[in-house]
Amino acid sequence: MLASARTNEVRPRRDAVPRSEPPRGRARIEQAIRDAAVEEFSRHGYKGTSTQAIAERAGLTKPQLHYYIGSKQRLYEQLLYSVLGGWGEAFAFDPDIDEPRDVLARYVRRKLDYALDNPGLSRVFTNEVLGGGEHLGAYWPAAVASTRHKTEVIDRWVAQGRIRPLDPRLLLMHIWGMTQHYADYAVQARVMLGLPPDAPIDREPIARELTRFVLLGCGLAPD
């Protein structure tokens, strides 16, 4: 997946930030706002989240919050496109590697790591899709182009007899679904794994099983 926009931080309106505010203090507040927004949007979606709730979770008043954000929509889109930008940077096929086993194993691992390292952001994106993807209009063309590039690489492997015949689009979507499951359905995953709420999920056995599953599905023997 690839995003055309890369916004990784909450930026205050310049005319609203007190000039005497220390940069370090401002950065701390911005991070608190970002963390609070991720938590609220991941739990309640765009429509179910209020700026009052974000302000309270960040330890701010609502007027204070609006020193740092233009609107709820602007804040939401900044967070949404930060995860899309992260995907675009992390999940491109490495042009210097052309061994299918290595490319796919690396792709699975990076996708899983990103989901488990950013579970709130992953759920923000999933909730947006479940809600109809109203805010994703600018994202789809770049995502389709990125996916097309990957499918061309996989189709070439098939034509060369390096992996079994398959639909590369379905392969990629299966990988997306399996890796994001442990972030989007973390509550269910912990229950099924016998873990207490909020306990860390051990990603190593998951990475091994998912990688083997994908490679065997492509007719490749895991290392």
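Helices are DSSP runs of at least four residues, numbered from the N terminus. The model described here is predicted. Three of its features are treated in turn: two pockets, one loop residue and one helix.

The largest pocket has a volume of about 400 Å³. Its lining is made up of 18 residues. Closest to the centre of this pocket are Arg123, Ala186, Val187, Arg190 and Asp198. Three helices each supply at least two lining residues: H6 (119-130), H8 (168-184) and H9 (186-193). The largest share comes from H9, with four residues. The lining of the largest pocket is a mix of nonpolar and charged residues. The nonpolar class has 12 members and the charged class has six. No polar residue takes part.

The second largest pocket holds about 200 Å³ of space. It is lined by 11 residues, and those closest to its centre are Thr126, Trp176, Gly177, Gln180 and Asp184. H6 and H8 are the elements that give two or more residues to this lining. H8 gives the most, with five residues. By class, the lining of the second largest pocket has six nonpolar residues, four polar residues and one charged residue. Polar residues thus appear in this lining, whereas the lining of the largest pocket has none.

Asp198, one of the residues closest to the centre of the largest pocket, also has a notable backbone angle. Most residues other than glycine have a negative phi. Asp198 is not a glycine, yet its phi is positive, about 70°. This residue sits in the loop between H9 and helix H10 (203-217). Its relative accessibility is 70%. Exposed means over 50%, so Asp198 counts as exposed.

Helix H7 covers residues 140-159, which makes 20 residues. At 1.5 Å a residue, H7 should span 28 Å. The C-alpha atoms at its ends are 28 Å apart, so the model agrees with the expected span. Several residues of H7 are buried, among them Ala142, Ala143, Ser146 and Thr147. Further along H7, Lys150, Thr151, Val153, Ile154 and Trp157 are buried too. An α-helix has 3.6 residues a turn, so residues three or four places apart point the same way. The buried residues of H7 pack against helix H5 (100-117) and against H8. H8 also contributes to the linings of the largest pocket and the second largest pocket. After H7 comes Gly161, whose phi is positive, near 75°.

Conventions: Residues are numbered from 1 along each chain as its sequence is written. This is a predicted model: local features need pLDDT of at least 70, side-chain atom pairs count only at pLDDT 80 or more; totals for chains, interfaces and linings use all residues. Side-chain values use heavy atoms; hydrogens and water are left out. On a 1 Å grid over the protein atoms alone, a cavity is a set of points where a 1.4 Å probe fits but cannot get out, and a pocket is an open set with protein on both sides within 12 Å along at least five of seven lines; lining residues have an atom within 4 Å of a point. Grid points are joined across faces, edges and corners, and a volume is the space filled by probe spheres set on the points. Ala, Val, Leu, Ile, Met, Phe, Trp, Tyr, Cys and Pro count as nonpolar, Asp, Glu, Lys and Arg as charged, and the others, Gly among them, as polar. Buried means under 20% relative accessible area, exposed over 50%, partly exposed in between (1.4 Å probe, protein chains only). The expected span of a helix is 1.5 Å times one less than its number of residues. Contact means heavy atoms within 4.5 Å.
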